[in-house]
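Trainee: Could we go through this one together, starting with how the pieces pack and ending with the odd backbone spots?

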Amino acid sequence: MKSLISILDLSTEEIDELIAKANDIIANPVKYQDACAHKKLATLFYEPSTRTRLSFEAAMLELGGSVLGFSEANSSSAAKGESVADTAKTVSCYADIIAMRHPKEGAPFVASQNATIPVINAGDGGHNHPTQTLTDLLTIYREKGSFDNLTIGFCGDLKFGRTVHSLIEALSRYSNIKVVLISPVELKLPSYIKKDVLKAKGIPYVQTTSLEEAIPDLDILYMTRVQRERFFNEEDYLRLKDTYILDTAKMNLAKPDLAVMHPLPRVNEISVAVDSDPRACYFKQVLNGKYIRMALILKLLEEASK
Ligand code: NCD
């Protein structure tokens, strides 16, 4: 049973196919409106979410399928002590595919080992978020036309930001990528990702604390929120939360074709004034998230029926 736990579960060819499928869905939505008729998606969310859960649900509804699930752990039997493994076995009796978000790293993997239907990781702790990465890749493709020869800046909480971890893994497969890591010293990209991904694949990268100094060279700026819920103490969060605020003054230093991305939710790190700049892509990214999840649900259900 094929599940999607890490972005590395997909080959480069499969990612290309998903992007092509999402582009076809965008161009011909009517063609897909009954593609998942009588199929059910279960969204099992043990952590807060707006976009990820609703885009999964909207995706399944637009494919003609139905959705069921829960949006907080307390409203499921997890509150009574049920294991993720047992929940996965149970939901396999009611649905055809699962999207799961969980605060514990590895929980969706455990679910995938116990379910008899495909499981999609919709975010596991500070670890991975492969469907956000597919969303980001579709956005980069639609904005830039390819993944090669790009200088990509990641700014903010690179330590706990799971979307950053998954996107760096995905981009490391393409050629001539340069990465600029912009963060406070306390929130630097974990060394295992630098070693296993950037260094292992020979991708040039620099680390800096200055967004102003980095921004003029960037083709893509991927902003992130400081991940309050992963901090061990509130004081550190309060000290670090407003380290970077992208505003119009900083946008004036950037290339005319920069693409500003953010997985959202935004807190303070992008000034609302930037939203009307044509280089702001984060709300387009939200919409792309629905289309790429449509493509992914179609693919996994098709494979499960083989
Ligand atoms: C991200 C997440 O949950 O990791 N949000 C999302 O899925 N769009 C980013 C975040 O919470 O900061």
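Mentor: What follows is a walk through two sheets, some helix packing and a few unusual backbone positions.

Mentor: Keep in mind throughout that this is a predicted model.

Trainee: Okay, sheets then. What is the strand order in the open sheet of four strands?

Mentor: The order is β2-β1-β3-β4, and the pairing is parallel. At the edges are β2 (66-70) and β4 (119-124), each of which pairs on one side only, and the twist from one strand to the next averages 15°.

Trainee: How many bridges join β1 to β2?

Mentor: Strand β1, residues 40-45, is joined to β2 by five bridges, and the two run parallel. If you want a register point to look for on screen, lysine 40 stands opposite serine 66 in β2.

Trainee: And which strands of that sheet does α11 touch?

Mentor: Helix α11 packs on the sheet with contacts to β1, β3 (97-102) and β4, and the direction of α11 makes about 125° with that of β3.

Trainee: Let's stay with α11. At what angle does it cross α1?

Mentor: The axes of α1 (residues 12-27) and α11 (residues 282-304) cross at roughly 120° and come within 8 Å. With that angle, α1 counts as oblique to α11, and the crossing is right-handed.

Trainee: Which residues make that contact?

Mentor: From α1 the contact includes Leu18, Ile19, Ala22, Ile25 and Ile26, along with Glu14, Glu17 and Lys21. From α11 the residues include Tyr291, Ile292, Met294, Ala295, Leu296 and Leu298, as well as Asn288, Lys299 and Glu303. Sorted by class, the contact of α1 with α11 has eleven nonpolar, one polar and five charged residues.

Trainee: α1 also packs with α5, so what are the angle and the axis distance there?

Mentor: Helix α5 covers residues 130-144, and α1 packs with it at an angle of about 70°, the axes being 10 Å apart. An angle of 65 to 115 degrees counts as roughly perpendicular, so α1 is roughly perpendicular to α5. Here too α1 passes in a right-handed crossing.

Trainee: Who is in contact in that pair?

Mentor: On the α1 side they are Ile15, Leu18, Ile19, Ala22, Asn23 and Ile26, and on the α5 side Leu134, Leu137, Leu138, Tyr141 and Arg142. By class, the contact of α1 with α5 divides into nine nonpolar residues, one polar and one charged. If you compare the two lists, Leu18, Ile19, Ala22 and Ile26 of α1 appear in the contact with α11 and also in the contact with α5.

Trainee: What about the segment before α1, is leucine 8 there buried or exposed?

Mentor: Leucine 8, which is found in the segment before α1, is in between, because its relative accessibility of 44% makes it count as partly exposed. Leaving aside residues up to four places away in sequence, leucine 8 touches Glu169 and Arg173. The C-alpha atoms of leucine 8 and alanine 170 are 7.1 Å apart, although 162 residues separate the two in sequence.

Trainee: Switching to the other sheet, what is the order of its five strands?

Mentor: That open sheet has the order β7-β6-β5-β8-β9, with parallel pairing. The edge strands are β7 (205-208) and β9 (259-261), each pairing on one side only, and neighbouring strands are turned by 15° against each other on average, direction ignored. Within this sheet, strand β5 (residues 151-155) runs parallel to β6 (residues 178-182) and is joined to it by five bridges, with isoleucine 152 opposite valine 179 in β6.

Trainee: Which strands does α7 lie across?

Mentor: Helix α7, residues 191-199, lies across β6 and β7, and runs at about 150° to β7.

Trainee: Now the odd spots. Which peptide bond is cis?

Mentor: The bond from leucine 264 to proline 265 is cis, with omega near 5°, and proline 265 lies in the loop between β9 and α11. Leucine 264 belongs to that loop as well, and has a positive phi, near 65°, without being a glycine. As general background, most residues other than glycine have a negative phi, and most peptide bonds are trans.

Trainee: Is leucine 264 buried or exposed?

Mentor: Leucine 264 is buried, because its relative accessible area is 11% and the cut-off for buried is under 20%.

Trainee: And what is the phi of asparagine 176?

Mentor: Asparagine 176 has a positive phi of about 60° although it is not a glycine. Asparagine 176 sits in the loop between α6 (162-171) and β6, and counts as exposed at 59% relative accessibility.

Conventions. Residues numbered from 1 in each chain as written. Predicted model: local features only at pLDDT ≥ 70, side-chain atom pairs only at ≥ 80, totals over all residues. Heavy atoms only, no water. Axes fitted to C-alpha atoms, helices over the stretch in contact; angles between N-to-C directions. Parallel < 35°, antiparallel > 145°, perpendicular 65-115°, else oblique. Left-handed = near helix turned anticlockwise from the far one by under 90°. Contact = heavy atoms within 4.5 Å. Nonpolar A, V, L, I, M, F, W, Y, C, P; charged D, E, K, R; others polar. Pairing = 2+ DSSP bridges. Buried < 20%, exposed > 50% of the residue type's maximum accessible area, 1.4 Å probe, protein only.
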